[in-house]
Amino acid sequence: MITREQISTVLDHPVHDARGDKIGNAGHVFFDDVTGEPEWVSVRTGLFGSSESFVPIHDAALVEDHLEVPYAKDQVKDAPNVDVDAGGHLSEQEEQRLYQYYGVDWDAGRTDAHSGTSGAGRATGTTGTTGTTDDAMTRSEEEMHVGVERREAGRARLRKYVVTEEQQYTVPVRHEEVRVEREPITDTNRDTAMSGPDITEAEHDVTLYEEQPVVETRAVPKERVRLSTEEVTEEETVTGEVRKERIETEGTDEQGDQRRRR
C-alpha cells in the first residue's frame with residue numbers, strides 16, 4: 001500500500017499494469033475521509049492524457065520510478081467514468097461502482113480500510129500535498145502537449161514486367177537480275193567465237209543472288225530504377241480540450257472586501 005509520504009513520488013509518474021505495461025501517468029490521489037489513507041489514484045490515459053481512469057491504490061506498489069497496480073491495462077482504461085470536478089470527491093455510489101468493477105468486495109474492503117468500521121465513506125482528491133494543509137487553495141490547469149507519432153502510411157513496390165510491341169525499320173536489300181547481252185563478231189572476238197564446234201547444242205548457267213532482311217533481338221541494359229523516400233513537412237492543426245480550475249469567493253464583494261450584513 002502507498003503511504004502519504006510517497007504521494008509526491010507517485011503523482012505525474014508512470015503507472016504500469018500487472019504485466020509491466022504502461023497505462024498512463026498518475027494525475028490525482030484520493031484519500032478516504034474516514035481513515036485518511038490513500039485509496040484511489042486517477043490515471044491519465046488516451047491520446048495526450050485526454051482521459052482519466054480510477055484504480056484502487058490499496059494493493060499498488062511503488063517500483064523504482066513508477067507505480068504498479070495489480071490490474072490489466074485495458075481494465076483500467078475501461079473503468080467507469082467518474083465526475084470529480086464538483087468538490088473533488090468521490091460519492092459513495094461512485095466509489096461502490098468502482099469497487100464492483102474491479103471485483104473488490106465492498107463491505108470487506110471498507111471493513112479492512114476502516115479497522116472494523118463498516119459502511120462507505122467518501123474519498124477526497126489531492127494533487128500531492130501531504131501532511132498539514134494551510135488555508136491556501138491550489139488552482140491547477142491542464143496543459144495541452146502535442147507530439148507526433150510515426151506510423152506506417154502505405155507501401156510502394158517496384159515490379160518489372162515484359163510487354164511486346166511492334167517496331168518497323170526500312171532497310172535496303174539488293175538482288176541480281178539476268179540481262180542478255182549480244183555483241184557482233186569482230187576481228188577481236190572471232191577466234192574465241194570460232195573455237196567450238198560449228199553447230200551444236202549447249203547450256204550455260206548463271207547463279208543469281210539477293211539480300212533478305214534478317215531480324216534478331218538482343219537484351220541491352222537501358223537504365224537503373226530504385227525506390228527512395230524523402231520527408232515532406234506539412235502543418236496540421238489539432239484541437240483538444242483542457243480543464244482549468246477556477247476559484248471564486250463567497251461573502252466578499254468584487255474588491256475582495258467582506259460584505260456587511262444588513
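## Exercises on a predicted model

Gln 75 touches Tyr 101 and Tyr 102, leaving out residues up to four places away in sequence. The model is predicted. The exercises start from this contact and work outward.

**Exercise 1. Place Gln 75: in which helix does it sit, and how far is its C-alpha from that of Tyr 101?**

Step 1. Locate the residue. Gln 75 belongs to helix 2, residues 73-77.

Step 2. Take the separation. Gln 75 and Tyr 101 are 26 residues apart in sequence. Their C-alpha atoms are 9.0 Å apart in space.

Step 3. Classify the exposure. Gln 75 has a relative accessible area of 26%. The partly exposed class runs between 20% and 50%, so Gln 75 is partly exposed.

**Exercise 2. Is Tyr 102 buried or exposed, and which residues does it contact?**

Step 1. Find the element. Tyr 102 lies in the loop between helix 3 (92-101) and helix 4 (106-113).

Step 2. Apply the cut-off. Buried means under 20% relative accessible area. Tyr 102 has 7%, so it is buried.

Step 3. List the contacts, setting aside neighbours within four places in sequence. They are Trp 40, Phe 54, Val 55, Pro 56, Tyr 71, Gln 75, Val 76 and Ala 79. Gln 75 from Exercise 1 is one of them.

Step 4. Check one distance. Tyr 102 and Tyr 71 are 31 residues apart along the chain. Their C-alpha atoms are separated by 8.2 Å.

**Exercise 3. Where do Asp 12 and Glu 64 lie, and what is the sign of phi in each?**

Step 1. Take Asp 12. Its place is the loop between helix 1 (7-10) and strand 1 (14-16). Phi is positive, about 60°, although Asp 12 is not a glycine.

Step 2. Take Glu 64. This residue is in the loop between strand 5 (61-63) and strand 6 (66-68). Phi of Glu 64 is near 55°, again a positive value in a residue other than glycine.

Step 3. Add exposure. The exposed class starts over 50%. Asp 12 has a relative accessible area of 54%, so it is exposed. Glu 64, at 72%, also counts as exposed.

**Exercise 4. What volume does the second largest pocket have, and how does its lining divide by residue class?**

Step 1. Read the volume. The second largest pocket has about 420 Å³.

Step 2. Name the lining. One part is Leu 158, Arg 159, Lys 160, Tyr 161, Val 162 and Val 163, among the lining residues. The lining also includes Lys 222, Glu 223, Arg 224 and Val 225.

Step 3. Sort by class. The lining has 5 nonpolar residues, no polar ones and 5 charged ones.

**Exercise 5. Describe the whole chain: how many helices and strands does it have, and what share of its residues is buried?**

Step 1. Count elements. The protein chain has 5 helices and 8 strands. Their order along the sequence is α-β-β-β-β-β-β-α-β-α-α-β-α.

Step 2. Assess burial. Of the 262 residues, 20% are buried.

Step 3. Take the surface. The accessible surface is about 22800 Å². Carbon and sulfur atoms hold 44% of this area.

Step 4. Take contact range. Consider contacts between residues at least 6 apart in sequence. Of these, 56% join residues at least 24 apart.

**Exercise 6. Over which residues does pLDDT stay under 50?**

Step 1. Start with the chain. Mean pLDDT is 80, and 80% of residues reach 70 or more.

Step 2. Find the weak stretches. pLDDT stays under 50 over residues 111-133, which have 53 contacts beyond four places in sequence in the model. Residues 258-262 are also below 50, with 5 contacts beyond near neighbours in sequence.

Step 3. Draw the consequence. Where pLDDT is low, predicted coordinates should not be read in detail.

Technical notes. Residues numbered from 1 in each chain as written. Predicted model: local features only at pLDDT ≥ 70, side-chain atom pairs only at ≥ 80, totals over all residues. Heavy atoms only, no water. 1 Å grid on protein atoms, 1.4 Å probe; cavity = no way out; pocket = protein on both sides within 12 Å on 5 of 7 lines; lining within 4 Å. Points joined across faces, edges and corners; volume = space filled by probe spheres on them. Nonpolar A, V, L, I, M, F, W, Y, C, P; charged D, E, K, R; others polar. pLDDT = per-residue confidence, 0-100. Contact = heavy atoms within 4.5 Å. Helix = DSSP H or I, 4+ residues; strand = E, 2+ residues; numbered from the N terminus. Buried < 20%, exposed > 50% of the residue type's maximum accessible area, 1.4 Å probe, protein only. Areas by Shrake-Rupley, 256 points an atom, 1.4 Å probe, with all protein chains shown as cover.
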